[in-house]
Number of protein chains: 2
Amino acid sequence: MKRFVVYFLCATLASAAESGPLRGYSTDAARTEREWEAKFRAIPDSAALRAYMQRLSARPHHVGSPYGKDNAEWIAAKAREWGLDAQIETFDVLFPTPKERLLEMTEPVRFTAKIAEPAVSADPTSSQRDEQLPVYNAYSIDGDVTAPLVYVNYGIPADYEELDRLGISVKGAIVIARYGGSWRGIKPKVAGEHGAIGCLIYSDPRDDGYAAGDVFPNGPFRPSDGAQRGSVMDMPVYPGDPMTPGVGATKDAKRLPLSEVKTLTTIPVMPISYGDAQPLLAAMNGRIAPPAWRGGLPITYHLGPGPAKVHLKLKFNWDTKPLYDVIVRIPGSTFPDEWIIRGNHHDAWVNGAEDPISGLGPMMEEMRAMGTLLKQGWRPKRTIIYCAWDGEEPGLLGSTEWAETHAAELQRKAAVYINSDGNGRGILQVEGSHTLEKFINSVAKDIDDPEAKITVWKRMQAMRLALAPEAAVAERAEARSRDLRIGALGSGSDYTAFLDHLGIASVNMGFGGEDGGGIYHSIYDDFYWYTHFADTDFAYGRALAQTAGTSVMRLASAELLPLDFDNFTDTIRKYIDEVQKLARDKRDQIVERNRQIDEGVFAAINDPRRPRNAPPKETTPPFLNFAPLENGFAALLRTAKAYDDALAHAGENGGAALARASLRDVNARLIAVERALTLNEGLPNRDWFKHQIYAPGFYTGYGVKTLPAVRESIEQKDWKLAEEQIVKVGKVLENAGEAIQGATTELDRAK
Amino acid sequence: MKRFVVYFLCATLASAAESGPLRGYSTDAARTEREWEAKFRAIPDSAALRAYMQRLSARPHHVGSPYGKDNAEWIAAKAREWGLDAQIETFDVLFPTPKERLLEMTEPVRFTAKIAEPAVSADPTSSQRDEQLPVYNAYSIDGDVTAPLVYVNYGIPADYEELDRLGISVKGAIVIARYGGSWRGIKPKVAGEHGAIGCLIYSDPRDDGYAAGDVFPNGPFRPSDGAQRGSVMDMPVYPGDPMTPGVGATKDAKRLPLSEVKTLTTIPVMPISYGDAQPLLAAMNGRIAPPAWRGGLPITYHLGPGPAKVHLKLKFNWDTKPLYDVIVRIPGSTFPDEWIIRGNHHDAWVNGAEDPISGLGPMMEEMRAMGTLLKQGWRPKRTIIYCAWDGEEPGLLGSTEWAETHAAELQRKAAVYINSDGNGRGILQVEGSHTLEKFINSVAKDIDDPEAKITVWKRMQAMRLALAPEAAVAERAEARSRDLRIGALGSGSDYTAFLDHLGIASVNMGFGGEDGGGIYHSIYDDFYWYTHFADTDFAYGRALAQTAGTSVMRLASAELLPLDFDNFTDTIRKYIDEVQKLARDKRDQIVERNRQIDEGVFAAINDPRRPRNAPPKETTPPFLNFAPLENGFAALLRTAKAYDDALAHAGENGGAALARASLRDVNARLIAVERALTLNEGLPNRDWFKHQIYAPGFYTGYGVKTLPAVRESIEQKDWKLAEEQIVKVGKVLENAGEAIQGATTELDRAK
């Protein structure tokens with residue numbers, strides 16, 4: 001669902017080594033593990049990846065489609081063919097599909113939008129019209145509205161602040177927003193909050209059309225009539241089936257009536273192409289859009305309202321559709337009740353070659369390779385569960401319903417969840433729990449980049465060095481001297497329920513950054529496009545299978561789970577500094593702005609021909625008491641260091657002490673650390689989200705908010721709430737410290 | 001010639017006062033001066049400004065045109081009508097005009113560029129085709145070349161570094177560059193240095209066409225076929241008549257043969273509209289332009305070379321044309337040999353309403369008002385000279401030739417030169433010698449903004465506060481607590497010869513920032529455009545007359561010239577810090593880049609499908625000895641403080657000591673300070689430019705380089721030259737200190 005677009009990882013120049021110690025392994029066990037890993041990495045095959053993609057993307061395979069079910073059954077059959085235990089679990093979920101779609105301009109000129117993507121003759125699957133889901137946004141409500149247009153840029157809260165300054169209201173209007181700047185579902189949500197009655201979202205050619213590069217089929221970018229489907233469910237409240245929040249959408253689950261569902265939009269919303277958008281935008285008048293709001297169409301961007309007036313009519317089938325999650329288990333030999341879970345979705349919006357098959361194929365190669373190793377005698381210590389999720393696109397349905405259904409067992413057993421969702425050429429990009437940062441650095445040092453002929457870790461580091469601004473001396477020094485930092489997880493793929501709802505340490509990975517395109521969620525995301533413009537020889541698909549598979553194996557067979565609290569604590573320190581700075585900056589900003597209002601600065605700079613309202617004066621924020629966060633952090637820091645000492649001791653003499661320890665008990669304590677980072681009451685405005693370190697932003701959707709309860713309270717200037725949350729999050733850090741101390745105590749018993 | 005596009009001034013919240021002391025005035029003299037100034041400011045009349053513009057822009061009035069001569073004679077007649085002594089001084093200068101212009105694409109499709117701006121029916125003067133200069137760049141050489149196109153972004157040195165990284169050479173190619181990023185003459189200069197054989201410069205719609213706002217005649221921005229004429233003479237070497245460098249182009253002046261002229265381009269160059277550019281750019285292929293290089297056309301920007309191949313043929317009449325400078329003198333009563341000079345050009349590229357009449361009109365109103373005051377008994381102490389320059393557009397011809405002709409007398413007598421060049425709505429924008437910073441702040445506090453109903457100074461301050469980035473706490477504190485800083489002068493208008501060649505303290509001023517447009521140097525810069533889209537009621541034209549006229553009067557009648565060395569020294573400190581930081585940063589950058597080359601970073605991040613060459617390894621720069629600059633600065637600082645003390649003493653008791661001082665001697669010393677900032681040998685690579693604090697950049701053209709000899713040596717990594725120049729500029733600062741000390745000594749005699 002979400003594509004990689006930036007380089008997530010931050011950096012220690014060291015040469016790749018496929019030998020040497022492995023964290024959590026005794027010396028002998030490490031040697032054995034490295035041998036199995038080397039065998040594993042030789043197996044994934046680019047030709048197989050190509051064949052999987054050709055088969056899986058041959059026809060549209062969205063939720064509820066015949067080919068979607070067929071794909072699930074084929075994946076399960078393949079797993080069984082490789083000697084693995086594969087099951088299909090089904091759920092029944094709300095999945096609306098379009099019954100009627102109409103967009104027409106009624107004034108000042110008549111124009112009817114095509115809202116259709118034409119077949120391209122070079123591209124054989126683009127003509128499968130009968131099976132294609134039309135261009136629409138899933139979980140938009142039905143509607144029939146006519147109103148003047150207002151252009152709202154990305155349609156995020158800051159854009160409405162600017163519209164207020166310009167004296168433009170969207171009340172009673174239909175807004176037209178461009179894709180980008182936030183997850184798409186934020187746009188109708190914020191538009192509705194401001195009184196708009198409809199919402200159009202278009203793909204501006206500056207972002208992924210001709211301004212970005214040659215358009216399909218001449219190049220990989222979005223052609224004039226290409227549009228981006230996608231979910232607009234209010235997932236920052238809760239993802240998954242809208243009718244069964246918090247519980248699995250099994251046959252007999254209790255369901256909310258549609259009228260009580262909170263995650264549908266409040267206004268009708270539809271995505272359109274830039275071909276459809278241009279006549280609408282060109283017919284607008286009123287103030288000229290601020291420079292940063294202008295896109296790549298050959299027109300002057302006006303804000304309106306009107307004179308362009310449009311009629312938007314949307315009607316959906318509010319049907320329940322079956323989901324088919326493919327669940328493949330490799331039982332653990334030593335710790336069968338500690339689970340390493342690996343997932344990638346199989347459903348798409350249309351043919352979905354890049355999204356999701358380019359990530360699913362490598363996962364299948366991991367399964368095939370492990371099937372081969374099992375035949376050779378390999379036995380992972382922990383249980384490995386491979387999951388091909390259905391229904392990711394509409395709202396992380398398959399993973400969320402499965403996680404909710406099995407919540408109790410997962411909370412006891414799940415150690416780590418590893419996700420991917422599409423793959424491309426370039427640099428390994430990893431986001432995840434920082435307890436896994438050290439681990440993932442160790443894996444990246446053992447994988448070869450297929451083009452650069454150096455390790456993927458070295459490429460990641462080089463990219464960090466190259467992208468650091470000239471003045472960022474500290475950043476470059478860091479990239480040269482420690483593990484590369486990984487970004488935090490927001491949302492946009494199937495790790496969400498595992499990490500945010502259940503508190504399971506998670507990572508998301510994929511290669512990317514070297515190929516762009518504009519076929520995302522369109523009929524052109526298909527085999528033809530992928531094999532012409534993306535990882536055309538599947539070399540990076542093979543690298544993804546090697547990276548994710550090595551991760552799974554190394555996690556599965558470690559005597560001690562290789563979680564680390566040192567890098568984790570270091571990152572928490574950064575987050576605490578950030579929220580304190582945020583509070584300070586917010587205060588300074590309000591004080592300065594109030595002063596400028598008093599001084600008459602805004603009146604003085606006003607241009608009477610293009611008036612801008614002065615911003616409203618605001619109450620000066622109080623200074624916040626961050627001591628509870630600092631106290632919690634101090635406890636965390638202390639226990640993290642103690643665990644490091646205990647681990648170093650346990651690792652002496654080839655890990656002799658490890659043999660004496662009750663590994664099951666230590667591992668259980670280690671697994672409990674990420675759980676300790678959750679609060680059952682959840683975040684202030686959304687109780688489904690339990691994790692207190694990471695959450696998707698309430699007003700960003702994809703973009704992560706770290707220490708979300710504290711950070712979002714400050715951002716929304718709710719100072720009282722912020723102080724309350726500082727206390728709670730401080731306690732969470734203390735809890736995590738206690739959990740770490742539990743592991744240390746267990747480990748020290750073996751001394 | 002050059003338009004104001006940014007806010008130049010930087011800031012003390014205090015209320016406007018038209019009473020109180022005036023620097024350089026005894027108490028009684030200040031009172032009298034303020035009364036005359038108040039009378040003066042009541043006179044300028046918006047209706048008169050409108051009438052001047054209508055008359056002066058009624059027909060094309062470029063160098064050598066019948067209407068240009070007619071305008072000069074009309075201005076002189078007007079001045080005489082107002083009771084002033086007006087003369088016309090003539091010079092004979094090289095001014096090429098087009099004889100043949102052809103631009104056609106020969107491959108892969110045939111296309112012939114229009115290179116013509118169509119008449120617009122609403123706009124009466126746009127149809128005066130017979131008298132219009134066609135679209136061309138003056139001082140391009142003749143040429144007849146055919147070659148593939150390469151797109152070079154702005155065509156500045158950094159762009160060629162990027163092309164080198166991408167492996168693209170312009171050798172033997174015709175480059176197409178967009179306007180912006182530098183003065184236009186830099187583009188063919190740098191293209192020629194890199195081996196290109198021709199150059200096209202087009203106006204991208206992102207910069208001043210539809211992407212910036214509605215296009216003419218619906219709005220003020222550039223229509224599809226609008227093009228920007230302009231000079232491409234190599235003015236950073238020397239401006240003025242190419243055949244008479246350093247001397248006046250009088251009838252009998254010794255002239256260089258055309259073959260020895262150094263300021264013509266080395267390759268043929270022509271400006272084109274975006275209507276003409278689009279088919280050429282659309283026909284290009286090869287690498288896609290880097291994101292920052294892409295403009296607003298609805299195409300994918302490719303770099304080439306080719307397959308688009310163009311044929312450019314240019315032939316010019318290499319004629320000598322007469323210039324008509326209008327020189328108006330108001331003799332000084334007390335210090336007739338101390339001159340305050342005020343200028344604005346009268347020539348245009350076509351009808352030139354905005355450029356230059358919107359600035360010339362206010363200057364005429366200043367003359368008319370002073371004529372009126374003279375009749376009422378006002379007598380300025382110093383001689384005032386008003387100059388309406390001819391030939392500014394092709395190369396600052398009229399002002400440069402006049403300044404060179406009268407160089408010896410000007411060096412003895414000229415105290416201050418005040419320039420304007422076009423005017424618009426908005427904020428007062430001032431750049432100039434920092435010895436005038438305090439003075440210009442005092443004037444701005446006495447002028448009312450016609451729309452905001454506060455002083456223009458308060459608006460300037462408010463804009464500074466509003467534009468300061470949120471984190472720029474020090475910048476805002478400064479804007480609230482001291483004089484607003486003024487920017488330094490680069491080039492682009494008639495102050496150049498006065499400041500840079502002769503060392504006469506200069507300022508350039510005008511209102512702007514609230515109206516944009518895309519008619520610069522086109523046939524649409526005319527009365528219709530100006531009265532529909534710019535300072536339509538001439539309210540800011542009146543404000544410019546008030547500001548510049550008050551400046552002239554206050555400078556002309558001060559007992560002591562109100563130059564100040566305190567703000568000046570403060571600014572010099574900043575410049576010295578800047579060049580030291582520049583040297584440090586250059587060194588750090590080279591060290592870091594070399595390290596990354598050694599580490600293999602560039603190879604590691606390379607995408608084999610879009611390869612980029614690693615930059616070349618460079619010798620590590622030495623640390624430079626900045627002590628001579630610091631020593632010079634210390635001397636300057638000491639003497640500036642001593643002058644302040646002496647001035648404070650002289651000002652006691654209503655300026656009683658002033659009456660005893662030999663003001664003529666003190667003033668002579670004050671005038672000498674700016675002269676002391678020059679070196680007769682000039683800058684290292686261009687001896688016409690004598691000033692050692694300010695110069696237009698050798699590779700920016702408009703953009704100023706402060707401490708140019710030092711700064712440009714560092715930028716060009718000529719470390720040996722930099723060390724030599726540090727010594728010379730250090731000595732210059734000492735010289736300035738000595739000149740200031742001379743004034744202090746004279747002033748102290750009156751104790």
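**Domain arrangement, chain contacts and a mixed sheet**

The domain assignment divides chain A into domain 1 (27-93 + 321-557), domain 2 (97-318) and domain 3 (566-748). The model described here is predicted. Between domain 1 of chain A and domain 3 of chain A, the C-alpha centres are separated by 28 Å. The two domains touch: 23 residues of domain 1 of chain A are in contact with 26 residues of domain 3 of chain A. On the domain 1 side of this contact, at least two residues each are supplied by α1 (27-42), β12 (335-345), α12 (437-444) and α15 (495-501) of chain A. Of these, α15(A) provides the largest share, 3 residues. By class, the domain 1 side that touches domain 3 of chain A consists of 7 nonpolar, 10 polar and 6 charged residues.

The contact between the chains involves 30 residues of chain B and 30 residues of chain A. On the side of chain B that touches chain A, two or more residues each come from α13 (456-467), α18 (566-599) and α19 (601-605) of chain B. Helix α13(B) gives the most, with 6 residues. The chain B side comprises 17 nonpolar, 4 polar and 9 charged residues.

Chain A also contains an open sheet of 7 strands with mixed pairing, in the order β3-β2-β10-β5-β6-β7-β9. Its edges are formed by β3 (111-112) and β9 (269-272) of chain A, each of which pairs on one side only. At the β9 edge, strand β7 (residues 198-202) of chain A is paired with β9(A) in the parallel sense, over 4 bridges. Within this pair, A:Ile201 has A:Pro271 of β9(A) as its bridge partner. Helix α5 (residues 186-193) of chain A packs on the sheet, where it touches β6 (174-178), β7 and β9 of chain A. The direction of α5(A) makes about 150° with that of β7(A).

A further helix, α7 (residues 274-282) of chain A, lies across β2 (97-107), β3, β5 (143-151), β6, β7, β9 and β10 (309-317) of chain A. Helix α7(A) runs at about 130° to β6(A). Strands β6, β7 and β9 of chain A are thus touched by α5(A), and β6, β7 and β9 are also among the strands that α7(A) lies across.

How values were computed:
Residues are numbered from 1 along each chain as its sequence is written. Chains are lettered from A and ligands numbered from 1 in the order in which they are written. This is a predicted model: local features need pLDDT of at least 70, side-chain atom pairs count only at pLDDT 80 or more; totals for chains, interfaces and linings use all residues. Domain bounds come from an automatic or database domain assignment. Two residues are in contact if their C-beta atoms, placed from the backbone, lie within 7 Å. Ala, Val, Leu, Ile, Met, Phe, Trp, Tyr, Cys and Pro count as nonpolar, Asp, Glu, Lys and Arg as charged, and the others, Gly among them, as polar. Two strands pair if DSSP finds at least two bridges between them. Axes are lines fitted to C-alpha atoms, for helices over the stretch in contact, and angles run from 0 to 180 degrees between N-to-C directions.
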